[in-house]
Amino acid sequence: PDKVTVRVALDNGEIVGLQATDHVFATKILAPGKPKIGKERAAKALNPSFRVQDYALSVIKNDVDEQVLCHEFVGQINGSAYRIYINADTGIEESIEQIPDETKAIYRA
């Protein structure tokens, strides 16, 4: 919900773009709290073939526009990179985002 996107050139690491509208116009401060389900238990909801390359706790908006604390897993499966959000209270998958090809090189193992 409160997101900043930075585009970085892969050849020299130079910053070439910034999108911070969501952050600048955010209406309230996020207080995510503590997850009820740990990282290891949340990871059990992932496909066994999914290769996790990065992890973080994140707050996202779900399908009914509510803020939800999630375990965010970034990785690859079947040659594509994905960002998968698992609800930190229920352990249920909230959202999956495919990472566009131009940014996929960042997450290669």
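These legends describe close-up views of a predicted model.

**View 1. The open sheet of four strands.**
Four strands are arranged in the order S3-S4-S5-S6 and form an open sheet with antiparallel pairing. S3 and strand S6 (93–98) are the edge strands, each of them pairing on one side only. From one strand to the next, the twist averages 25°. In general, the strands of a sheet pair through backbone hydrogen bonds, in either a parallel or an antiparallel sense.

**View 2. Pairing of S3 with S4.**
S3 and S4 run antiparallel and are joined by 10 bridges. Strand S3 covers residues 51–61 and strand S4 covers residues 67–77. At one position of this pairing, lysine 61 stands opposite glutamine 67 in S4. The two strands make a hairpin, with five residues between them.

**View 3. Asparagine 62 in the loop between S3 and S4.**
Asparagine 62 lies in the loop that links strand S3 to strand S4. Its relative accessible area is 18%, so asparagine 62 is classed as buried, the limit being under 20%. A polar atom of the asparagine 62 side chain lies 3.1 Å from the backbone nitrogen of valine 64. The backbone nitrogen of glutamate 66 lies 2.9 Å from a polar atom of the side chain of asparagine 62. When residues up to four places away in sequence are not counted, asparagine 62 touches Val68 and Glu94.

**View 4. Aspartate 65 in the turn of the hairpin.**
Aspartate 65 is also found in the loop between S3 and S4. The phi of aspartate 65 is positive, near 65°, in a residue other than glycine. Aspartate 65 has a relative accessible area of 54% and is therefore exposed, a class that begins over 50%.

**View 5. Leucine 57 in strand S3.**
Leucine 57 is found in strand S3. With a relative accessibility of 42%, leucine 57 counts as partly exposed. The C-alpha atoms of leucine 57 and leucine 69 are separated by 7.1 Å, and the two residues are 12 residues apart along the chain. Residues up to four places away in sequence aside, leucine 57 touches Pro35, Leu69, Cys70 and His71.

**View 6. Pairing of S4 with S5.**
S4 and S5 pair in the antiparallel sense, over eight bridges. Within this pairing, glutamate 72 stands opposite tyrosine 85 in S5.

**View 7. Asparagine 78 between S4 and S5.**
Asparagine 78 is placed in the loop between S4 and S5. Although asparagine 78 is not a glycine, its phi is positive, at about 55°. Asparagine 78 counts as exposed because its relative accessibility is 75%, where the class begins over 50%.

**View 8. The largest nonpolar core.**
Eight residues make up the largest nonpolar core: Ile37, Ala42, Leu46, Phe50, Phe73, Ile77, Ile84 and Ile86. S4 and strand S5 (80–87) are the elements that give two or more residues to this core. Isoleucine 37, one of the core residues, is in contact with Ala42, His71, Asn87, Ala88, Asp89, Thr90 and Gly91, leaving aside its neighbours within four places in sequence.

Notes
Residues are numbered from 1 along each chain as its sequence is written. This is a predicted model: local features need pLDDT of at least 70, side-chain atom pairs count only at pLDDT 80 or more; totals for chains, interfaces and linings use all residues. Side-chain values use heavy atoms; hydrogens and water are left out. Buried means under 20% relative accessible area, exposed over 50%, partly exposed in between (1.4 Å probe, protein chains only). A polar contact is a pair of N or O atoms within 3.5 Å; within protein, one must be able to donate a hydrogen and the other to accept it, and residues adjacent in sequence count only if both atoms are side-chain atoms. Contact means heavy atoms within 4.5 Å. A nonpolar core is a set of buried Ala, Val, Leu, Ile, Met, Phe, Trp, Tyr and Cys residues joined through side-chain atoms within 4.5 Å. Two strands pair if DSSP finds at least two bridges between them. Axes are lines fitted to C-alpha atoms, for helices over the stretch in contact, and angles run from 0 to 180 degrees between N-to-C directions.
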